[in-house]
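Let's take a friendly look at charged side chains and how they pair up. Please have the model open as you read.

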Amino acid sequence: MKNSGVISRTKDKGGGKRYTKRHLEELAALQSSVLRKQAQELQRMNERIIETMSNVVEFRNLESGDHVRRVKDFTRILAGYVAALYPEYRLNEADVDVIAAAAAMHDVGKIAISDAILLKPGRLSEEEFAIMKMHTIKGCEIIEMLGEIQESEYGRASYEICRHHHERYDGSGYPDGLKGEEIPIAAQIVSVADVYDALVSERCYKSAYTPAQAYDMIMRGECGQFSPKLLSCLEKAREKFEKRAAQNRREPTR
(Lines give C-alpha, C1' and ligand atoms only; values in the text may rest on other atoms or scores of the structure.)
Protein backbone atom coordinates (compact mmCIF):
# COMPACT_ATOMS: atom_id res chain seq x y z
CA MET A 1 0.00 0.00 0.00
CA LYS A 2 1.39 3.38 -0.98
CA ASN A 3 2.09 6.03 1.63
CA SER A 4 -0.37 8.80 0.77
CA GLY A 5 1.31 11.50 2.88
CA VAL A 6 4.68 12.85 3.86
CA ILE A 7 4.43 11.11 7.21
CA SER A 8 4.25 7.36 7.14
CA ARG A 9 2.49 5.49 9.88
CA THR A 10 1.85 1.82 10.57
CA LYS A 11 -0.37 0.04 13.03
CA ASP A 12 0.92 -2.15 15.79
CA LYS A 13 -0.77 -5.41 16.70
CA GLY A 14 -2.95 -3.68 19.25
CA GLY A 15 -4.40 -1.39 16.62
CA GLY A 16 -2.51 1.69 17.79
CA LYS A 17 -0.46 3.89 15.49
CA ARG A 18 3.29 3.44 15.42
CA TYR A 19 5.27 6.31 13.92
CA THR A 20 8.25 5.66 11.71
CA LYS A 21 11.73 7.07 12.19
CA ARG A 22 11.05 9.59 9.42
CA HIS A 23 7.96 10.85 11.21
CA LEU A 24 9.84 11.28 14.49
CA GLU A 25 12.62 13.17 12.71
CA GLU A 26 10.06 15.51 11.15
CA LEU A 27 8.42 16.10 14.52
CA ALA A 28 11.81 16.86 16.06
CA ALA A 29 12.62 19.28 13.23
CA LEU A 30 9.26 21.03 13.68
CA GLN A 31 9.80 21.33 17.43
CA SER A 32 13.30 22.67 16.87
CA SER A 33 11.95 25.28 14.45
CA VAL A 34 9.31 26.41 16.96
CA LEU A 35 11.88 26.65 19.77
CA ARG A 36 14.26 28.58 17.52
CA LYS A 37 11.55 31.10 16.65
CA GLN A 38 10.66 31.48 20.33
CA ALA A 39 14.32 32.05 21.21
CA GLN A 40 14.64 34.66 18.46
CA GLU A 41 11.54 36.49 19.69
CA LEU A 42 12.85 36.40 23.27
CA GLN A 43 16.16 37.80 22.03
CA ARG A 44 14.38 40.62 20.20
CA MET A 45 12.31 41.36 23.31
CA ASN A 46 15.42 41.49 25.52
CA GLU A 47 17.18 43.76 23.05
CA ARG A 48 14.16 46.10 23.00
CA ILE A 49 14.14 46.25 26.80
CA ILE A 50 17.85 47.04 26.88
CA GLU A 51 17.49 49.68 24.18
CA THR A 52 14.54 51.25 25.99
CA MET A 53 16.36 51.40 29.31
CA SER A 54 19.48 52.89 27.73
CA ASN A 55 17.29 55.52 26.08
CA VAL A 56 16.04 56.52 29.53
CA VAL A 57 19.59 57.67 30.27
CA GLU A 58 19.62 59.62 27.00
CA PHE A 59 16.38 61.40 27.88
CA ARG A 60 17.91 62.35 31.21
CA ASN A 61 21.19 63.54 29.73
CA LEU A 62 21.79 63.70 25.97
CA GLU A 63 25.55 63.54 26.44
CA SER A 64 25.21 60.17 28.15
CA GLY A 65 22.88 58.94 25.40
CA ASP A 66 25.48 59.54 22.71
CA HIS A 67 28.04 57.97 25.00
CA VAL A 68 25.92 54.82 25.26
CA ARG A 69 25.86 54.30 21.49
CA ARG A 70 29.59 54.86 21.12
CA VAL A 71 30.45 52.54 24.00
CA LYS A 72 28.38 49.82 22.32
CA ASP A 73 30.40 50.29 19.12
CA PHE A 74 33.77 50.28 20.90
CA THR A 75 32.68 47.25 22.92
CA ARG A 76 31.76 45.26 19.82
CA ILE A 77 35.12 46.03 18.20
CA LEU A 78 37.14 45.12 21.29
CA ALA A 79 35.09 42.01 22.13
CA GLY A 80 35.72 40.72 18.62
CA TYR A 81 39.47 40.87 19.18
CA VAL A 82 39.17 39.24 22.60
CA ALA A 83 37.18 36.37 21.06
CA ALA A 84 39.72 35.92 18.27
CA LEU A 85 42.94 36.27 20.29
CA TYR A 86 42.07 34.71 23.64
CA PRO A 87 40.07 31.48 23.27
CA GLU A 88 40.34 30.88 27.02
CA TYR A 89 37.48 33.33 27.46
CA ARG A 90 35.29 31.13 25.25
CA LEU A 91 33.59 34.01 23.49
CA ASN A 92 31.85 33.30 20.20
CA GLU A 93 30.06 35.58 17.78
CA ALA A 94 26.80 35.31 19.70
CA ASP A 95 28.59 36.24 22.94
CA VAL A 96 30.05 39.32 21.26
CA ASP A 97 26.54 40.36 20.19
CA VAL A 98 25.23 39.91 23.74
CA ILE A 99 28.08 41.86 25.34
CA ALA A 100 27.73 44.71 22.83
CA ALA A 101 23.97 44.92 23.43
CA ALA A 102 24.34 44.69 27.21
CA ALA A 103 26.98 47.45 27.16
CA ALA A 104 24.11 49.88 26.63
CA MET A 105 23.09 49.26 30.24
CA HIS A 106 26.42 50.15 31.82
CA ASP A 107 25.31 53.60 33.00
CA VAL A 108 21.60 52.95 33.52
CA GLY A 109 22.02 53.51 37.25
CA LYS A 110 22.72 57.18 36.58
CA ILE A 111 18.99 57.77 36.32
CA ALA A 112 18.98 57.41 40.12
CA ILE A 113 21.65 60.11 40.59
CA SER A 114 20.50 63.67 41.23
CA ASP A 115 20.90 66.32 38.52
CA ALA A 116 23.01 68.42 40.87
CA ILE A 117 25.69 65.72 40.76
CA LEU A 118 25.09 64.12 37.36
CA LEU A 119 25.10 67.43 35.48
CA LYS A 120 27.59 69.34 37.63
CA PRO A 121 29.93 71.39 35.37
CA GLY A 122 33.11 70.70 37.27
CA ARG A 123 34.99 68.26 39.44
CA LEU A 124 32.92 66.40 42.02
CA SER A 125 33.68 66.64 45.72
CA GLU A 126 34.58 63.45 47.59
CA GLU A 127 31.05 63.23 48.94
CA GLU A 128 29.52 63.78 45.50
CA PHE A 129 31.83 61.23 43.91
CA ALA A 130 30.83 58.67 46.55
CA ILE A 131 27.21 59.19 45.52
CA MET A 132 28.07 59.03 41.81
CA LYS A 133 29.82 55.68 42.33
CA MET A 134 26.51 54.28 43.53
CA HIS A 135 25.25 54.26 39.94
CA THR A 136 26.82 50.80 39.63
CA ILE A 137 24.69 49.44 42.47
CA LYS A 138 21.57 51.36 41.46
CA GLY A 139 21.87 50.02 37.93
CA CYS A 140 21.92 46.44 39.20
CA GLU A 141 18.80 47.13 41.26
CA ILE A 142 17.07 48.36 38.10
CA ILE A 143 18.12 45.26 36.15
CA GLU A 144 16.78 43.05 38.94
CA MET A 145 13.40 44.72 38.52
CA LEU A 146 13.20 43.85 34.82
CA GLY A 147 11.77 40.39 35.44
CA GLU A 148 12.47 37.84 32.70
CA ILE A 149 15.46 39.66 31.27
CA GLN A 150 17.29 39.15 34.56
CA GLU A 151 17.43 35.39 33.95
CA SER A 152 18.52 35.69 30.30
CA GLU A 153 22.06 35.88 28.95
CA TYR A 154 21.40 39.57 28.26
CA GLY A 155 20.32 40.11 31.85
CA ARG A 156 23.35 38.35 33.29
CA ALA A 157 25.74 40.26 31.03
CA SER A 158 23.97 43.55 31.79
CA TYR A 159 24.26 42.92 35.52
CA GLU A 160 27.98 42.06 35.34
CA ILE A 161 28.72 45.07 33.16
CA CYS A 162 26.63 47.49 35.18
CA ARG A 163 28.15 46.46 38.51
CA HIS A 164 31.77 45.91 37.48
CA HIS A 165 32.66 48.26 34.60
CA HIS A 166 34.51 50.52 37.07
CA GLU A 167 36.58 47.73 38.61
CA ARG A 168 40.30 47.82 37.84
CA TYR A 169 42.72 44.97 37.24
CA ASP A 170 44.86 45.89 40.26
CA GLY A 171 41.86 45.90 42.59
CA SER A 172 41.65 49.70 42.90
CA GLY A 173 38.21 50.01 41.30
CA TYR A 174 34.68 49.95 42.68
CA PRO A 175 32.19 48.90 43.98
CA ASP A 176 33.63 45.52 45.05
CA GLY A 177 37.37 46.00 44.59
CA LEU A 178 37.62 42.94 42.33
CA LYS A 179 41.09 42.10 41.10
CA GLY A 180 42.46 40.46 37.95
CA GLU A 181 40.28 37.78 36.41
CA GLU A 182 37.79 38.10 39.24
CA ILE A 183 36.35 40.82 37.03
CA PRO A 184 33.95 39.31 34.45
CA ILE A 185 35.39 39.57 30.94
CA ALA A 186 32.30 41.43 29.69
CA ALA A 187 32.88 44.12 32.32
CA GLN A 188 36.60 44.29 31.49
CA ILE A 189 35.81 44.91 27.83
CA VAL A 190 33.20 47.59 28.52
CA SER A 191 35.53 49.23 31.04
CA VAL A 192 38.13 49.92 28.35
CA ALA A 193 35.48 51.07 25.86
CA ASP A 194 33.90 53.35 28.47
CA VAL A 195 37.18 55.01 29.46
CA TYR A 196 38.29 55.47 25.85
CA ASP A 197 35.05 57.19 24.88
CA ALA A 198 35.11 59.39 27.98
CA LEU A 199 38.59 60.57 27.01
CA VAL A 200 37.89 61.32 23.33
CA SER A 201 34.56 63.03 24.03
CA GLU A 202 33.95 66.58 25.20
CA ARG A 203 32.27 66.90 28.57
CA CYS A 204 30.82 69.84 30.47
CA TYR A 205 33.89 69.68 32.71
CA LYS A 206 36.64 68.98 30.12
CA SER A 207 37.71 69.18 26.48
CA ALA A 208 38.12 66.07 24.35
CA TYR A 209 41.51 64.39 24.11
CA THR A 210 42.70 63.23 20.70
CA PRO A 211 42.42 59.49 19.97
CA ALA A 212 46.23 59.26 20.13
CA GLN A 213 46.28 60.91 23.55
CA ALA A 214 43.48 58.66 24.80
CA TYR A 215 45.24 55.55 23.56
CA ASP A 216 48.52 56.54 25.20
CA MET A 217 46.83 57.44 28.49
CA ILE A 218 45.15 54.05 28.70
CA MET A 219 48.27 52.13 27.69
CA ARG A 220 50.35 54.01 30.28
CA GLY A 221 47.86 53.25 33.04
CA GLU A 222 46.85 56.85 33.61
CA CYS A 223 43.17 55.85 33.76
CA GLY A 224 43.58 52.85 36.03
CA GLN A 225 45.04 49.42 35.42
CA PHE A 226 43.58 47.13 32.76
CA SER A 227 44.33 43.53 31.87
CA PRO A 228 47.43 43.09 29.67
CA LYS A 229 45.26 40.96 27.41
CA LEU A 230 42.73 43.76 26.99
CA LEU A 231 45.52 46.25 26.30
CA SER A 232 46.89 43.89 23.65
CA CYS A 233 43.44 43.78 22.04
CA LEU A 234 43.19 47.58 22.21
CA GLU A 235 46.53 47.79 20.41
CA LYS A 236 45.12 45.60 17.62
CA ALA A 237 41.86 47.55 17.56
CA ARG A 238 43.45 51.00 17.65
CA GLU A 239 42.75 51.91 14.03
CA LYS A 240 39.09 50.86 14.25
CA PHE A 241 38.69 52.79 17.49
CA GLU A 242 40.15 55.90 15.90
CA LYS A 243 37.79 55.61 12.93
CA ARG A 244 34.81 55.41 15.28
CA ALA A 245 36.15 58.34 17.31
CA ALA A 246 36.48 60.36 14.09
CA GLN A 247 32.83 59.61 13.34
CA ASN A 248 32.03 60.98 16.79
CA ARG A 249 33.61 64.31 15.87
CA ARG A 250 31.46 64.48 12.73
CA GLU A 251 28.21 63.81 14.58
CA PRO A 252 26.02 66.91 14.96
CA THR A 253 25.63 68.44 18.39
CA ARG A 254 22.03 68.11 19.55
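The sections below go through salt bridges in this predicted model.

## The overall count

Searching the whole structure turns up 10 salt bridges. Three of them are described here, among them a pair that joins two helices.

## A buried pair between helices

Let's start with Arg 70 and Asp 197, whose side chains meet in a salt bridge with an N to O distance of 2.6 Å. Arg 70 belongs to helix α2 (residues 62-85) and Asp 197 to helix α8 (residues 185-200), so this contact ties together parts that are 127 residues apart in sequence.

Are these two partners buried or exposed? Arg 70 has a relative accessibility of 4%, so this residue counts as buried, because the cut-off for buried is under 20%. Asp 197 is buried as well, with a relative accessible area of 0%.

## A loop-to-helix contact

Next come Asp 176 and Arg 163, which form a salt bridge whose closest N and O atoms are 2.7 Å apart. Asp 176 sits in the loop between α7 (153-164) and α8, while Arg 163 is in helix α7, and the two are 13 residues apart. With a relative accessible area of 35%, Asp 176 is partly exposed.

## A pair within one helix

Finally, Lys 243 and Glu 239 form a salt bridge, with 3.8 Å between the closest N and O atoms. Both residues lie in helix α10 (residues 228-250), and their spacing of 4 residues is about one turn of the helix.

Here the partners are exposed: Lys 243 has a relative accessibility of 56%, and Glu 239 has a relative accessible area of 53%.

How values were computed
Residues numbered from 1 in each chain as written. Predicted model: local features only at pLDDT ≥ 70, side-chain atom pairs only at ≥ 80, totals over all residues. Heavy atoms only, no water. Salt bridge = Lys/Arg side-chain N within 4 Å of Asp/Glu carboxyl O. Buried < 20%, exposed > 50% of the residue type's maximum accessible area, 1.4 Å probe, protein only.
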